[in-house]
Amino acid sequence: MVLTSNKSLLAPLLLGFVIMSYLTIGTQSIGVCYGRVGNNLPSPSQVINLYKSNGIKGMRIYDPYPETLQALRGSGIQLILDVPNVDLQSLATDASAAAAWVQNNVVNYASEVNFSYIAVGNEVLPTVDSTSRYAQFVLPAMKNIQSAITSVGLKGQIKVSTATYSAVLGTSYPPSSGSFNNQVSSFINPIVSFLAQNDSPLLANIYPYFSYTGNRKDIQLPYALFTAPGFTVEDGRFQYQNLFDASLDALYAALERVNGANLRVVVSETGWPSQGDPAATVENARTYHRNLIKHVNGGSTPRRPGQAIEAYLFAMFDENEKPGLETEKHFGLFTPTQHSKYQISFNSI
């Protein structure tokens, strides 16, 4: 992600409460992201045990931290592994460096760790000052990582992609008008072509929370929380009752405009903070996650009826060293003491 409650906390192993953070019905799934931007977090081995003890079978990590990869051995947890933005240039300009990265961080663990996707860069765009210096290296790094994955016989098992976010779009409303920002077309269009050629999905971080807080005048909170009583947006033959679907379908519409109609989108992050803003409450976070899980486990978007949604919740823990707004520190499902903040059922349909 680029970007209080007085209720007592529930112990993660409270009798009768099992958090299953990755539920699969067909190919539909919910996973949880594991960030480490904090000085009070459990050790990787403790984290993996927490995932396992709660039935969590999907994880995204933001760098190839050896202790985490080691702890994942034999866990059965499906993994999204990021290439950090700071590593993109070296992997883009040196194929041997990419091959070594794959060998050290994937091949050395692949017999016991279930890699699903490699996210080559996170939220990199040429139009954003904080990431623009990395933009020219994203696609070359993806190609070199793909070549390395292919050369070790893992092409069919591990998909190479990159994680983008809402700023890639120039138009997102109504969803059927979704299109990429003209200023990023030379960046994103070749990436879409690469993904299509390799049958890989596009990863996207989708946050109705940020859309709502950035436009409280026009977006109603129930629409962002999946609690709107009826359809809020009428878009031709498509009707939208929640902002998550509208955001995802705007991205699908944009992909269709650049020969990416057959691409699947994996929601690599989505979440709602529990502190730091009037909308960031424990109750709203619980409501968002509960309703998102129910929706993902039992539905699809209007533009892609019948197509499973795969989404990863951000994040496993509050991270007290996250920069930016105070809310950035409070996206966790768990506190650093491994207590759950609120009760949600991950197998609701």
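Q: At roughly what angle do the axes of helix H4 and helix H5 cross?
A: This is a predicted model in which local features need pLDDT of at least 70 and side-chain atom pairs count only at pLDDT 80 or more, while totals for chains, interfaces and linings use all residues. Residues are numbered from 1 along each chain as its sequence is written, and side-chain values use heavy atoms, leaving out hydrogens and water. The axes of H4 (residues 95-107) and H5 (residues 135-151), helices being DSSP runs of H or I with at least four residues, numbered from the N terminus, come within 8 Å. They cross at roughly 55 degrees.

Q: Which residues of H5 make the contact with H4?
A: H4 contributes Ala95, Ala98, Ala99, Trp101, Val102 and Val106 to this contact, where contact means heavy atoms within 4.5 Å. From H5 come Asn144, Ile145, Ala148 and Ile149.

Q: Is Val296 buried or exposed?
A: Val296 lies in helix H10, which spans residues 282-298. Because its relative accessible area is 0%, and buried means under 20%, exposed over 50% and partly exposed in between (1.4 Å probe, protein chains only), Val296 is buried.

Q: Which residue has a side chain joined to that of Thr301 by a polar contact of 2.6 Å?
A: Thr301, in the loop between H10 and strand E12 (310-313; strands are DSSP runs of E with at least two residues), counts as buried at 3% relative accessibility. Leaving aside neighbours within four places in sequence, Thr301 is in contact with Asp245, Leu248, Asp249 and Ile309. A polar contact is a pair of N or O atoms within 3.5 Å; within protein, one must be able to donate a hydrogen and the other to accept it, and residues adjacent in sequence count only if both atoms are side-chain atoms. The side chain joined to that of Thr301 belongs to Asp249.

Technical notes. Axes fitted to C-alpha atoms, helices over the stretch in contact; angles between N-to-C directions.
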